[in-house]
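Reader: Could you walk me through this structure, one question at a time?

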Amino acid sequence: MRRVVTALVAGALLWAPSVALGDPPGPPTTISVRATPSQIHSGGRAHIFGAVAGAPPGSEVRLFTSPYPFPIPNKFTTTTIGPDGSYSFMVMPDRDTRYRVDVPGTPATALTEVQVIGRTITKTKALPLGRERVTVVVFHPRGLRFS
């Protein structure tokens, strides 16, 4: 924003544009994120990647992890922005997990989710009189309480 400064000096009216204070702000920082694949089997890996615009290469990107039941994350992993503005993380979630990425010191943030298909064992056995026994064993992640 510029202001016009006027002053009365010895009976003469002087006009001069004011000097801008500081440099004008650059474009806002934006960040995008994507998970590939977005659905994996338990024990699989997913690639979290994206791009940042408006931040210099070498800046930090933080990845916050929130596994089911999706508590507010308080721990994060970091990486740096590459010369082309890209970044990436490799993750191995054991249950459905939401991920949030941000650039510290900016309001830029983005969200994605990876869904995990639990490990199961299914067995069937034919029984007499047209019956069948079906056994399903479902494994659950460590730390996930079942009540």
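The questions and answers below go through a predicted model.

Reader: Thanks! Before I look at details, what is the average pLDDT of the chain, and which stretch is below 50?
Author: Good place to begin, since this is a predicted model. The chain averages a pLDDT of 85, and 82% of the residues score at least 70. Where pLDDT is low, the predicted coordinates should not be read in detail. That caution applies to the stretch with pLDDT below 50, which has 20 contacts in the model beyond near neighbours in sequence: residues 1–19.

Reader: Which residues have the most contacts inside the largest nonpolar core?
Author: That core has 21 residues. Strands 6 (46–53), 7 (60–67), 9 (86–91), 10 and 11 (109–117) each give two or more residues to it. The residues with the most contacts inside the core are I31, I48, V52, V61, Y87 and V101.

Reader: Let me zoom in on V52. Which residues is V52 in contact with, leaving aside its neighbours within four places in sequence?
Author: V52 is among the residues with the most contacts inside the largest nonpolar core. Three others from that group, I31, V61 and Y87, touch V52. With those included, the partners of V52 are T29, T30, I31, V61, I81, G85, Y87 and V103.

Reader: Is T97 buried or exposed?
Author: T97 lies in strand 10, which covers residues 97–102. Leaving aside its neighbours within four places in sequence, T97 is in contact with T65, S66, P67, F70, T112, E113 and V114. Its relative accessible area is 2%, and the cut-off is under 20%, so T97 is buried.

Reader: Which backbone oxygen does the side chain of T97 reach?
Author: T97 is a buried residue in strand 10. Its side chain comes to 2.7 Å from a backbone oxygen, and that oxygen belongs to R95.

Reader: F70 turned up among the contacts of T97. What is the phi of F70?
Author: F70 sits in the loop between strand 7 and strand 8. Most residues other than glycine have a negative phi. F70 is not a glycine, yet its phi is positive, at about 60°.

Reader: Which residues is F70 in contact with, again leaving aside neighbours within four places in sequence?
Author: F70 has a relative accessibility of 23%, so it counts as partly exposed. Its C-alpha atom is separated by 9.8 Å from that of Y99, 29 residues apart along the chain. The contacts of F70 are with D96, T97, R98 and E113.

Reader: Which other residue has a positive phi, of about 65°, and is it buried or exposed?
Author: Look in the loop between strand 12 (120–127) and strand 13 (131–138), where L129 is found. L129 is not a glycine, but it has a positive phi of about 65°. With a relative accessibility of 82%, L129 counts as exposed.

Reader: Where are cis peptide bonds found?
Author: Most peptide bonds are trans. One cis bond, with omega about -10°, leads to P37, in the loop between strand 4 (34–36) and strand 5 (39–41). Another, with omega about 15°, leads to P69, in the loop between strand 7 and strand 8 (76–80). The bonds join T36 to P37 and Y68 to P69.

Reader: How far apart are the closest N and O atoms of R62 and D102?
Author: The structure holds four salt bridges, and R62 and D102 form one of them. The pair links strand 7, which holds R62, with strand 10, which holds D102, 40 residues apart. R62 and D102 are also linked with R100 in a network of salt bridges. D102 counts as buried at 8% relative accessibility, and its closest approach to R62, N to O, is 2.9 Å.

Reader: Which residue forms a salt bridge with R98?
Author: The partner lies in strand 11, while R98 is in strand 10, and the two are 15 residues apart. R98 is partly exposed at 41% relative accessibility, and the partner is partly exposed too, at 29%. With the closest N and O atoms 3.5 Å apart, the partner of R98 is E113.

Reader: Last one: which residue meets D94 in a salt bridge?
Author: D94 counts as partly exposed, at 35% relative accessibility. Its partner counts as buried, at 14%. The side chains meet at 3.2 Å, N to O, and the partner of D94 is R95.

Key
Residues are numbered from 1 along each chain as its sequence is written. This is a predicted model: local features need pLDDT of at least 70, side-chain atom pairs count only at pLDDT 80 or more; totals for chains, interfaces and linings use all residues. Side-chain values use heavy atoms; hydrogens and water are left out. Helices (H or I, at least four residues) and strands (E, at least two) are DSSP runs, numbered from the N terminus. Buried means under 20% relative accessible area, exposed over 50%, partly exposed in between (1.4 Å probe, protein chains only). A polar contact is a pair of N or O atoms within 3.5 Å; within protein, one must be able to donate a hydrogen and the other to accept it, and residues adjacent in sequence count only if both atoms are side-chain atoms. Contact means heavy atoms within 4.5 Å. A nonpolar core is a set of buried Ala, Val, Leu, Ile, Met, Phe, Trp, Tyr and Cys residues joined through side-chain atoms within 4.5 Å. pLDDT is the predictor's confidence in each residue, from 0 to 100.
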